[in-house]
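Thanks for coming, everyone. Let me put the model on the screen, and then we go through it piece by piece.

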Amino acid sequence: MPANGPLAGELEDLYRGRYRYFLRLATVIVGDEASGHDAVQDGFAQALREQQSFRGEGPLEAWVWRTVVNAALASRRRRVARREPPEAAGIANANGDAGESAVRTWVAALPERQRLVVYLRYYADLDYRSIADALGIEVGTVSATLSSAHQALRRSMKEVER
Amino acid sequence: MIDVEPLIVSELERLLPLPAGGRADWSDVLRRADFVPARRRWRPVLVTGVVVAALVGVGVAIAAGFGAFNGISTAQRPQTPADKIDPKLLAEINAANKGSGLGLIPGSARLVRRLPNARIYAVATKDGQLCVLAARLLNNNGKSDAAGMGCGSPLTQSEPSTAATFARNQSSPAISWGITLDSVTAVSFTAGGHEVTVPVENNVWAYEGPAPTHGTLTAHFKDGSTKPIG
């Protein structure tokens, strides 16, 4: 076995190829980029340490997303404990734009798990199966969440058109 | 039916564009995972007929392939004919260190700097150590046939430079040199009672003059910070 374990090479490739996507998702959860970076680093470090527990039942990437999302959520919990709340609704507006779009309003109103589904779908570009693996939920839940989101947005847009 | 997915994608993109990847640092992941080997102090390695006056430094990275060169961009390239160590010198090093398990990988050798009186090579070992070899040093016989080498754990942010000094005799000025991480722009130390600052070029610093006083080496980083190394 290589010094760093059987999956070390794949994990390194994934990190180098997708770091920016992991960073964006962790940032949107934690609320700032520096803490998001820490969460990505910690998530990948945990994946390296626990690679033997990856059973190959789904994509490796989805398994890593799960460790990174958990690291980001843990980081946010620590911030709250220190009375350093993350950005409202867990989303940082990088442009400093105060305008509320229908999408943004809808995202802010979602329960946390559903918000994570949206982020993993549109920020990480994961398919439904990988999102389900990453969050430990059923594929049907992923599908239903995104379907509801689309319907809600369509309704909002029709109301604006009137 | 309105296809709202492109709208969601563009709106989320507007809210938080894909960040730059400048922070990415795989060696930091390895450290956090505790996948760095126990620190091995930099130690001189025997080279026939050569005295290496002092060797200090350095830290750690990971022992896979040429991971010994992590953070040393100058050494991260394919080997060229100029990088190859003289087979005779290589045989001498191996013979002098027989039984020590040194495990030099000849194919990993990279010539990182040509100095007027030395050639500096980075070489990896089979167990992931970083070795720094100085060859073609001016010997007491007037020929450039001396060599010195030190090996230790690869570089880290906390120990970002190697340091070695060679003097052919007590009346000659010493040559001191070291390999650094990309983030190091200069090193400073006390030599002959004076503070000396030496710039880093292509991951290597070199200084000819009094030998650095032991324990005074400091690395200077791109961001303006400094780190005492020892």
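First, the geometry convention: axes are lines fitted to C-alpha atoms, for helices over the stretch in contact, and angles run from 0 to 180 degrees between N-to-C directions. Helices (H or I, at least four residues) and strands (E, at least two) are DSSP runs, numbered from the N terminus.

Now the ground rules. This is a predicted model, where local features need pLDDT of at least 70, side-chain atom pairs count only at pLDDT 80 or more, and totals for chains, interfaces and linings use all residues. Residues are numbered from 1 along each chain as its sequence is written, chains are lettered from A and ligands numbered from 1 in the order in which they are written, and side-chain values use heavy atoms, with hydrogens and water left out.

Chain A to begin with. What does chain A contain, helices or strands? It has 7 helices and 0 strands. From the N terminus the order reads α-α-α-α-α-α-α. Of its 162 residues, 51% are buried (under 20% relative accessible area; exposed is over 50%, partly exposed in between; 1.4 Å probe, protein chains only). Now contacts, meaning heavy atoms within 4.5 Å. Take those in chain A between residues at least 6 apart in sequence: 65% join residues at least 24 apart.

Next, a helix pair. Helix H5 of chain A covers residues 112-122, and helix H6 of chain A covers residues 128-135. They pack at an angle of about 135°, axes 10 Å apart. H5(A) and H6(A) are therefore oblique to each other (under 35 degrees is roughly parallel, over 145 roughly antiparallel, 65 to 115 roughly perpendicular, the rest oblique). Who meets whom? On the H5(A) side we have Arg113(A), Leu116(A), Val117(A), Leu120(A) and Arg121(A). On the H6(A) side, Tyr128(A), Ile131(A), Ala134(A) and Leu135(A). By class, that contact has 7 nonpolar, no polar and 2 charged residues (nonpolar: Ala, Val, Leu, Ile, Met, Phe, Trp, Tyr, Cys and Pro; charged: Asp, Glu, Lys and Arg; polar: the others, Gly among them).

H5(A) also reaches across to chain B. It packs with helix H1 (residues 5-15) of chain B at about 90°, axes 10 Å apart. That makes H5(A) roughly perpendicular to H1(B). Val118(A), Arg121(A) and Tyr122(A) meet Glu5(B), Ile8(B), Val9(B) and Leu12(B). The split here is 5 nonpolar, no polar and 2 charged. Note Arg121(A): it is in the contact with H6(A) and in the contact with H1(B).

On to the strands of chain B. Strands of a sheet pair through backbone hydrogen bonds, either parallel or antiparallel. Here, two strands pair if DSSP finds at least two bridges between them.

Start with strand E5 (residues 130-137) of chain B. Why call E5(B) largely enclosed? Because 7 of its 8 residues are buried. Strand E4 (residues 118-124) of chain B joins E5(B) through 6 bridges, antiparallel. The two form a hairpin with 5 residues between them, and Gly128(B) in the turn has a positive phi of about 85°. E5(B) also pairs with strand E6 (residues 146-152) of chain B, antiparallel, over 6 bridges. Look at Leu133(B): it stands opposite Tyr121(B) and opposite Met149(B) in E6(B).

Last item. An open sheet of 4 strands in chain B runs E10-E9-E12-E13, with antiparallel pairing. E10 (194-199) and E13 (226-228) are the edge strands. The twist averages 20° from one strand to the next. Inside it, E9(B) and E12(B) pair over 4 bridges, and Ala186(B) stands opposite His220(B).
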